[in-house]
Amino acid sequence: MSHERPGRPVTALHLGLGSFFRAHQAWYTDRADDAESWGIAAFAGRRPDLATALAAQQNAYTLVTRNAGGDEYATVRSLAACHVADDGEAWGGYFASPEVRVVTLTVTEAGYRRDGSGRLDRRDPQVEADISALRSGHGADVRTAPARLLAGLRARRAADAGPIALVPCDNLADNGAALQQVLLDMAEAADPSLLPWMQEQARVVATMVDRITPEPTAADRQSVAAATGVDDRCPVVTEPFTEWALAGDFPGGRPGWESAGAVFTADVRPFEERKLWLLNGAHSLLAYAGGLRGHATVAEAVRDGACREWVLAWWDTCTPHLRLPGADVELYRQALLERFGNPRLQHRLEQIATDGSQKLPVRIVPVLRAERARGNVPTAAALVLAAWLTCLRDRGSAVRDVRAAELLGLAEGRLEDAARRVLAALGDDLGDDDELARAVVAATGGLRG
């Protein structure tokens, strides 16, 4: 196996060069029936070394599909160029090209820089700095995802490069609307003259994405070298299962992703809710509760009888609120147990536990609110929140969250008071809910067994 190959034209952009993108959107593009017409210029987020390493191996990499019984190796060649995050000139140059017609992004939930109401967080110092930079004409210097997209759109308008589709691929409920809102807010604050052009030329596509992709290890790199003979510095490990649903318009065209298995639908929300609540919600439960019980990976945690029962109870809570047929939901639940239990897929709980303040509002809170509206106090949801609260109180500086400093302060002191303060960080209505706070406090007592 070799990574050598002829180059592809840059016709798509991607922001966020992590493992999930390379196991998912890049893989679908590489497997599309018109793949040779679609090359992706990808920009790193937090890992500039990754862009450098990929460029050194002609932007190709090995995808390791990890089955319970063994590994399969394939080379993905859809990346045409890789750049460090702060290469603003290259970013604007690609946007100004009529050949580029699709922009995807995987910047995590935190990357959208939203406040509690779903609007652009104007209290964020980096957001304000980016607004100032855009107002002064220094769009190449911005750092946040909304500002970078706006800078790109402004360059495209100036070049009269034609329509473009923006495709968010993060685990946000209604991610298309979420991106649309922060872009409108950024434009209103930094360059209102861009709004009419955006309405006419820029389309935002909603998506649901699903593929478990643990962080690769040194051992993974060694296994790739042994199996393929390629010293790949950037392999990606993933599971066999993958799913992608999209809803929206691509006015300039798009890759034939459906030929690789993607589904185009009028509404992704039923698929999105199933995935966010069942898969991602269970992942958060296992990350916090499983971690407290001494487990390091999803597979370890789901083998723990208590953790498994908690997952099943959470799924029982979610299922009545899903809008897909019951038989489909049951099949999905069974498949999830098999996926979670794959002993060779080392999906680390500490990776999943990152940025709980951004993940829990879309994975747990919608079902929690739906249950409270029915007069129920869902014990499974209370347990997830109790586990998160306990991790905040126990782990201190080890907590990885964009709101870590704030949350650690809220979690200090008397448990009953801390529970109300941490719940309020997820929503004022939750902090004022005495019955819920009591349930969360009670659930902390049974977490460690």
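**Gln 58 and Asp 160**

I looked up Gln 58 and found a relative accessibility of 31%, so I entered Gln 58 as partly exposed (buried means under 20% relative accessible area, exposed over 50%, and partly exposed in between, with a 1.4 Å probe and protein chains only). The model is predicted, so I kept in mind that local features need pLDDT of at least 70 and that side-chain atom pairs count only at pLDDT 80 or more, whereas totals for chains, interfaces and linings use all residues. My residue numbers run from 1 along each chain as its sequence is written, and side-chain values use heavy atoms, with hydrogens and water left out.

Gln 58 has a positive phi of about 60° although it is not a glycine, and I place Gln 58 in the loop between α3 (48-56) and β3 (61-67); helices (H or I, at least four residues) and strands (E, at least two) are DSSP runs, numbered from the N terminus. Asp 160, also not a glycine, has a positive phi near 50°, and I found Asp 160 in the loop between α6 (145-159) and β7 (164-168). With a relative accessible area of 66%, Asp 160 goes down as exposed.

**Cavities**

I then searched the whole structure for enclosed space and noted 5 cavities of 30 Å³ or more. On a 1 Å grid over the protein atoms alone, a cavity is a set of points where a 1.4 Å probe fits but cannot get out, a pocket is an open set with protein on both sides within 12 Å along at least five of seven lines, and lining residues have an atom within 4 Å of a point. Grid points are joined across faces, edges and corners, and a volume is the space filled by probe spheres set on the points.

The largest cavity holds about 70 Å³ of space, and its lining includes Phe 21, Gln 25, Ile 40, Val 102 and Trp 257. I checked which elements contribute: β1 (10-15), α2 (25-31) and β6 (102-105) each supply at least two lining residues of the largest cavity, and α2 gives the most, with 3. By class, I recorded 8 nonpolar, 3 polar and no charged residues in the lining of the largest cavity, where Ala, Val, Leu, Ile, Met, Phe, Trp, Tyr, Cys and Pro count as nonpolar, Asp, Glu, Lys and Arg as charged, and the others, Gly among them, as polar.

**Second largest pocket**

For the second largest pocket I wrote down a volume of about 260 Å³. It is lined by 17 residues, of which Glu 350, Ala 353, Arg 395, Ala 398 and Val 399 are the closest to its centre. α10 (269-292), α14 (349-352) and α17 (379-395) each supply at least two residues of the lining of this second largest pocket, and α17 has the largest share, 4 residues. The lining of the second largest pocket comprises 10 nonpolar, 3 polar and 4 charged residues.

**Helices α10 and α12**

Next I took α10 with helix α12 (residues 305-318), whose axes come within 10 Å and cross at roughly 145°; axes are lines fitted to C-alpha atoms, for helices over the stretch in contact, and angles run from 0 to 180 degrees between N-to-C directions. On the α10 side, the residues that make the contact include Trp 277, Leu 278 and Leu 285, and on the α12 side they include Trp 310, Trp 314 and Trp 315 (contact means heavy atoms within 4.5 Å). I counted this contact of α10 with α12 by class as 12 nonpolar, 2 polar and no charged residues.

**Three buried residues**

Glu 273 lies in helix α10, and I list Glu 273 as buried, with a relative accessible area of 15%. Not counting residues up to four places away in sequence, Glu 273 touches Leu 278, His 321, Leu 322 and Arg 323.

Asp 220, found in helix α9 (residues 218-228), counts as buried at 7% relative accessibility. With residues up to four places away in sequence not counted, Asp 220 touches Arg 66, Glu 215 and Val 237. I also noted that Asp 220 and Arg 233 are 13 residues apart in sequence and 9.9 Å apart in space, C-alpha to C-alpha.

Ala 260 lies in the loop between β11 (243-247) and β12 (263-264) and counts as buried at 17% relative accessibility. Leaving aside neighbours within four places in sequence, I found Ala 260 in contact with Trp 27, Tyr 28, Arg 31 and Ala 32.
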